[in-house]
Amino acid sequence: MAVSETLRLDELRQQVRGEVIAEGDTGYDEARRVWNGVIDRRPALVVRCTGNADVIASIAFAREHGLPVSVRGGGHNVAGTAVAEGAVVLDLGAMRNVSVDVDRMTVRAGGGARLGDVDHETQAFGLATPFGVVSRAGIAGLTLHGGMGFLTRRLGLSCDNLLAADVVTADGQLLHADPERHPDLLWALRGGGGNFGAVTSFEYRLHPIGPDVFMAITFYPVDAASDGLRGFREVFAKAPDELMGVALYWTAPGEEPFPPEWHGKPVFVLSGCWSGAVDQAEEAVKPLRESRRRSPI
């Protein structure tokens, strides 16, 4: 017997506006799928919440039935924490609203918003908040676990720019956490992980950025990594804050602009983002393109 057969799902469906998907329902496998295809967990329910009221009702339902709760923002976490075995999954994917307050230099976004959702709205005003590097990732997991990206050296982590949040706690309360109300909860949310409640909205500080920034991504043979990492360390020991970089190992994809002889082979990558004056960008990223006497691919 499926877990869902023992639950009073009709009551929950009457209390929420979003879709309630149980094992055996059409769309169940799609609803439990996350970005990392290795994750194969079977939750009791997936509730596609449309607002705070749905989240409150779903948490109350889980508490009444003694079920664990997991929260899905973007579903991009590599460990698949958005989905737990036998749990009620609060899918916030429909809660992607974004509102920019230009006068206050802030942006407020729903718990299911993606990085690209926020950037799209803030860049209309030449503004940004520091986020990660994958536009399809969710703002929630990124922020609650810190949040490093191409503006970090200049403007800090995502969590450093979090001003306030709305949180539904395990006992079903909706709390607004800011420096005056529940400041201890706000402190915990700034990088403390996703275990303090279901965060249904985030408010961030904005900064003048763009609309143009300069990206340089250089690929080297993998045996250049040892020297490349030393050079990377030296560059960023004295680089201005407007330059942020990432060094990583990767496998070259089988597509342009990589030459066919490099398809599927390991490579070493140095990437840099310059968010200062564009006319200074080429000079700023030059050291990353000339890593210790090795020619890029």
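**Exercise 1. Find the bridge partner of Val167 in β9, and then describe how the two strands pair.**

Solution. In this predicted model, the residue of β9 that forms a bridge with Val167 is Leu175. Stepping back from this bridge to the strands, β8, which covers residues 162-168, pairs with β9 in the antiparallel sense, and the pairing runs over four bridges.

**Exercise 2. Place β8 and β9 in their sheet, and work out which strands stand at the edges.**

Solution. Begin with the strand order, which is β5-β6-β10-β8-β9 in an open sheet of five strands with antiparallel pairing. Next, look at the edges: β5 (98-101) and β9 (174-177) each have a single partner strand, so one side of each is left without a neighbour in the sheet. Finally, consider the twist, which averages 10° from one strand to the next.

**Exercise 3. Determine which strands of the sheet are touched by helix α3 and which by helix α4.**

Solution. Take helix α3 (residues 52-65) to start with: this helix packs on the sheet through β8, β9 and β10 (198-205), and its direction makes about 140° with that of β10. Then turn to helix α4 (residues 115-122), which packs on the sheet by touching β5 and β6 (106-110), with its direction at about 35° to that of β5.

**Exercise 4. Describe the largest pocket by its volume, its lining and the classes of its residues.**

Solution. The volume of the largest pocket is about 1100 Å³. Its lining is made up of 45 residues, and those that lie nearest the centre are Asn77, Thr81, Ala140, Gly141 and His145. Sorted by class, the lining holds 24 nonpolar, 18 polar and three charged residues. Among the elements that each supply at least two lining residues are α3, α5 (139-144) and β10.

**Exercise 5. Repeat the description for the second largest pocket, and name the element that gives the largest share of its lining.**

Solution. The second largest pocket holds about 370 Å³ of space. Of its 20 lining residues, Asp119, Gly132, Phe150, Leu151 and Val213 are the closest to the centre. By class, the lining divides into twelve nonpolar, six polar and two charged residues. The largest share, three residues, comes from α4, the helix that also touches β5 and β6.

**Exercise 6. Classify the ring pair formed by Phe232 and Phe236.**

Solution. The count of aromatic pairs comes to seven. For Phe232 and Phe236, the ring centres are 4.7 Å apart and the planes stand at 50°, so this pair is tilted. Both residues belong to helix α8 (residues 225-238), where they lie four residues apart, about one turn of the helix.

Notes: Residues numbered from 1 in each chain as written. Predicted model: local features only at pLDDT ≥ 70, side-chain atom pairs only at ≥ 80, totals over all residues. Heavy atoms only, no water. Pairing = 2+ DSSP bridges. Axes fitted to C-alpha atoms, helices over the stretch in contact; angles between N-to-C directions. Contact = heavy atoms within 4.5 Å. 1 Å grid on protein atoms, 1.4 Å probe; cavity = no way out; pocket = protein on both sides within 12 Å on 5 of 7 lines; lining within 4 Å. Points joined across faces, edges and corners; volume = space filled by probe spheres on them. Nonpolar A, V, L, I, M, F, W, Y, C, P; charged D, E, K, R; others polar. Phe/Tyr/Trp six-rings, centres within 6.5 Å; stacked < 30°, edge-to-face > 60°.
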